[in-house]
Amino acid sequence: MPLNTEPILLNLGPHHPSTHGVFRLRLIMDGEIIEDAEPVMGYMHRGSEKLAEERTYTQIITLTDRLDWLSGMSNNLAYVRTVEKLSDVEVPERAQYIRVISVELMRIASHCMALGFLINDLGAFATPLMYMFREREKILDLLEMLCGARITFSYMRIGGISHDLPEEFLPALRDFVDQMPKHIDEYDELLTKNEIIQTRAKGQGLLSAQNAVDFGVTGPNLRASGVKWDLRKSDPYEVYDRFEFDIPVGDHGDNYDRYWVRLQEMRESLKIISQAMEQIPGGLTRANVPFFVHPPAGEAYSHIEAPKGHLGFYIVSDGTISPWRCKIRSPSFINLGALASMIIGSKLADVVVTFGSLDTILGEVDR
Amino acid sequence: MSNEIISFFNTFLSTSQSEAMATFVGIFFLINFVIIIVAFMTLLERRLLGRLQNRIGPNRTGPNGLLQPFADVIKLLTKEDIVIPAADRWPFNIAPLLALMPALSVWIVIPFAPTWILADLDIGILFVIAITGVSVIGVFMSGWASANKFALLGSMRSVASIISYEVPMILAIIAVVLLVGSMSMQQIVLFQSIPLVLVQPASFVIFLLAIVAELNRSPFDIVEAESEIIAGYHTEYTGMKFATFFLAEYTAALAWSAVVVTLFLSGWRIPFVQADIHPFIDGLVFLIKTIFVFCIFVWFRGTWPRLRIDQILGFSWKVLFPIATLNLVITAIEVLVFNDVFAVAEGETLPTIALVAMGLINIAIFIVVGIALNKFIKPIDQEPQSYPVTREGMTL
Amino acid sequence: MTSFYGLGALKGLIVTLRYLFRKPFTVEYPDEKLVPNPRFRGNSFVWYEDRCTGNGACAKACPLGIIRIVTHPTSRPDIGNLYAIDRFDIDTGRCMFCALCIEACPYDAVFMGNDFERATKTRDGLVIHKEDLVTGAKLPTQQFRPQLEAMEYKGEEELDQHEAGRWSL
């Protein structure tokens, strides 16, 4: 006798513990197997792009802090670089080094959170998350030393940075760089070789290199799929061409590779930081730019390798103190486009893991 | 102990009435004792998880947070009791009790000390298995009645995993029963001149893993997988009904810890000390062992992520079930041979030296089988089972 | 496979077990307070009335427009003609503590404070009025104030207007 069954429609979110914010996934399921998925976005729309049209160029820096709240420094940098490109400002070298250090610290902090929440989605009761929070806390202490804030930094300024390094920063950073590899080894011991994580994450949430490129996926997610593409190498900005570091690349593009690539990137970021500490020159940290910037009429696009992927800003200026249009190319939003294709056919338990492994921040998705 | 209570009631009641009253008093004390211990177990779990996670854990309520369980209860009692309109009222309301009842009933046959046992049933361990099988009905009822898809998924998962894990669990228990020659819990404890974990290591490991799955604790906590299906079957429960589920879960965890201690860790006996000293000391030893086993569950929870449902069921049927069957066969042969070799008369048990020998043989087999299995386990299949990306399949 | 299957998971157990015997990283907040960094952008402001000229640079720099200044022209025998400040309200309920107002102030009149315990029961309670600023603790932070950094001022003792500014009035 054929059973008269029908698919279940399940709304995963917007209020669900593992949607990392307010994201809704309409799933059509046959039992626990996903037949169809539709991401619904926009629950966190705050109109950052429109607000930018009402702010002066300096004030927009505070808006960028809130796009991807786990990596405020990178957002600052991406925006500030676009305005510098637009108004043709030369940034002092010391400022560029400090920018690189702070952005790489931010990358480690962001990856810590990405991995912690990924393992949390896998079902570990917050233990790796707590360990990673501890490391992030140390990074936030360092960044607080720089600019006085822990999440919403507003540290970068057009033509440089707001504060020079305080005296005690470099020794503290040196301590951190010395300690951090031990902690990463500890994560390795706790997680990488763990059979449960391997069983859960390997072969799930597959994203082939071709699909990743087609969907416009960037960042660690793209590299996990086997495409060696990192703007720090491919299109060096700031002083990245002066450092030696590797780009970790995954083989399969599954959840485990996305985990592994992020873990390795933390090590590479530490390499960059310790090189930057050695090379950092003296001098000014801010070019002579007025508080109210008037870029010439025109347009500019600039992108950086943010922890989540390519973060780009496209700004059209009409010569006044605020931009005519500010478009944000946010990596999380574009990476999320590939989600539906990655989860169809897998089980409900793997949906949250795949979503977690994409490292999506909803503030950046909905802007 | 019970005789004194009966004679106390005999002063003003008939014999049958006073026996009933004595049983009632026993149950009353047992339930209250267990629930208070369980309340503190929740605190212990939270403190322990806190320390495992490099933080402190709840310690603000009372000295060292000792009043935290009471604060939790007061909070849950004063919460609004919501029954959603779409819910099936009767099953929805009964389910928490159905989940709690079996967890408390298990304690009837648990021997705390030589004389401290509410009912030394001949079929003690069978009773435990039978009565805990009922709890799944409560879970399934709540999931069905909640009119919530997450709850339904959770309860479905619960049924699947409990059915699968009862098989290896019972096979592991049978090995012990075969060795002891009795299903009475008290007899099993009295038999253990050395803890049975040393004699039956495979049974112990299988049993421990099976009860972790039975209790829905990490790494088999798919039933309440927070990151997937929110809270599973009790998603829609609030206030005291939620608390009842919570209590049921922890009572069951503690009850199964007690069963582990009884079956494998020589119950109230202090290892390598033959005589029972005093019921209080025996009870204390039993409690400490039980809490230790409970802490192992917490340790698992604090370390491991969870498996997926198909992996959990596969682990039960493909790994635990064959090993448990093999273990049962080996144990049967061993019991037969050892009874012959040591010329054990009818009604007597194996001498300690026989158990030691058996333990050595079993540990050797355990290690050999483990190494052999390791050869057979392939690394996780890395070949992508790629899902084609088509526009047609999506409602974008 | 070289290693024993399941060994990775057991190693993880040992990692967490080690933490059981370590000192927790967290601190118990109300009993034990972490010292914020000298540049800390706290939840409060420090304002020196005599340094303020009422030019409203801070109000213009504020991205949210939450600083309200009302002035009237007057004169004082010791200084001369100036704008007297009638109102200087900062609505910290909407403030995001970006410190752009501090950066904009050319006369070092307004500073970030290092207080972070300003919870109130009403939204109105979060508005810092001029009177609160005048009577409030004068514990500025080094945010955008290099002279405090040069003094190595860490926010221990209160500073008066002559010590805090780059030049005295």
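**Notebook: chains A, B and C**

I began with A:D359, which I found in the loop of chain A between α14 (348-357) and α15 (362-366). I note here that the model is predicted, and that local features were taken up only where pLDDT is at least 70. The phi of A:D359 comes out near 55°, a positive value in a residue that is not glycine. Most residues other than glycine have a negative phi. I then looked up the cover of A:D359: its relative accessibility is 5%, and the residue therefore counts as buried, the limit being under 20%.

**Entry: a second positive phi**

I turned to chain B and listed B:N54, another non-glycine residue with a positive phi, near 65°. B:N54 sits in the loop of chain B that joins α2 (15-52) to α3 (68-77). Is B:N54 buried or exposed? B:N54 has a relative accessible area of 8%, so I entered it as buried.

**Entry: B:L48**

I stayed in chain B and looked up B:L48, which is part of helix α2. The relative accessible area of B:L48 is 18%; the cut-off for buried is under 20%, so B:L48 still counts as buried. I asked which residues B:L48 touches once those up to four places away in sequence are set aside. The list holds B:C295 and B:V298 from chain B, and C:L20 from chain C. I also took the C-alpha separation of B:L48 and B:P201: 27 Å, for two residues 153 apart along the chain.

**Entry: A:T82 and A:E238**

Back in chain A, I placed A:T82 in helix α3, residues 72-87. A:T82 has 0% relative accessibility and is therefore buried. Beyond four places in sequence, I found A:T82 touching A:A300, A:Y301, A:S302, A:F313 and A:I315.

A:E238 is in a loop, the one between α10 (231-234) and α11 (255-279) of chain A. I read 14% relative accessibility for A:E238, so this glutamate is buried as well. Which residues are in contact with A:E238, apart from its neighbours within four places in sequence? I listed A:L77, A:R81, A:Q96, A:R99 and A:V100. Of these, I checked A:Q96 further: its C-alpha atom is 5.7 Å from that of A:E238, although the two residues are 142 apart along the chain.

**Entry: chain A as a whole**

I counted 15 helices and eight strands in chain A. The radius of gyration of chain A is 21 Å, which agrees with the value near 21 Å for a compact globule of 367 residues. Along the principal axes, I read a C-alpha span of about 80 × 45 × 35 Å for chain A. Of the 367 residues of chain A, 67% are buried. Contacts between residues at least 6 apart in sequence join residues at least 24 apart in 71% of cases in chain A. Chain A exposes about 11800 Å², with 53% of this supplied by carbon and sulfur atoms. I put the mean positions of its 37 positive and 51 negative charges 2 Å apart.

**Entry: chain C as a whole**

Chain C has six helices and five strands. I wrote down their order along the sequence as α-β-α-β-β-α-β-β-α-α-α. For chain C I found a radius of gyration of 23 Å, whereas a compact globule of 169 residues would have one near 15 Å. The box filled by the C-alpha atoms of chain C is roughly 85 × 35 × 35 Å along the principal axes. In chain C, 44% of the 169 residues count as buried. Of the contacts in chain C with a separation of 6 or more, 68% are between residues 24 or more positions apart. The exposed area of chain C is about 9200 Å², and carbon and sulfur atoms supply 55% of it. I counted 21 positive and 23 negative side chains in chain C, with the centres of the two sets 9 Å apart.

**Entry: interfaces of chain A**

The size of an interface is often given as the accessible area lost when the parts come together, so I looked that up for two pairs of chains. Chain A and chain B bury about 3900 Å² between them, and carbon and sulfur atoms give 59% of that. On the chain A side, A:E32, A:F125 and A:I196 lose the most area to chain B, together 15% of what that side buries. The contact involves 49 residues of chain A and 39 residues of chain B.

For chain A and chain C, I read about 2800 Å² of buried area, 53% of it on carbon and sulfur atoms. Which three residues supply more of the area that chain A buries against chain C than any other three? I noted A:H163, A:E189 and A:E195, with 20%. This contact takes 38 residues from chain A and 35 residues from chain C.

Notes:
Residues numbered from 1 in each chain as written. Chains lettered and ligands numbered in written order. Heavy atoms only, no water. Helix = DSSP H or I, 4+ residues; strand = E, 2+ residues; numbered from the N terminus. Rg over C-alpha atoms; globule rule 2.2 N^0.38 Å. Buried < 20%, exposed > 50% of the residue type's maximum accessible area, 1.4 Å probe, protein only. Contact = heavy atoms within 4.5 Å. Areas by Shrake-Rupley, 256 points an atom, 1.4 Å probe, with all protein chains shown as cover. Lys, Arg positive; Asp, Glu negative; His and termini not counted. Charge placed at Lys NZ, Arg CZ, Asp CG, Glu CD. Buried area = accessible area lost by both parts, 1.4 Å probe.
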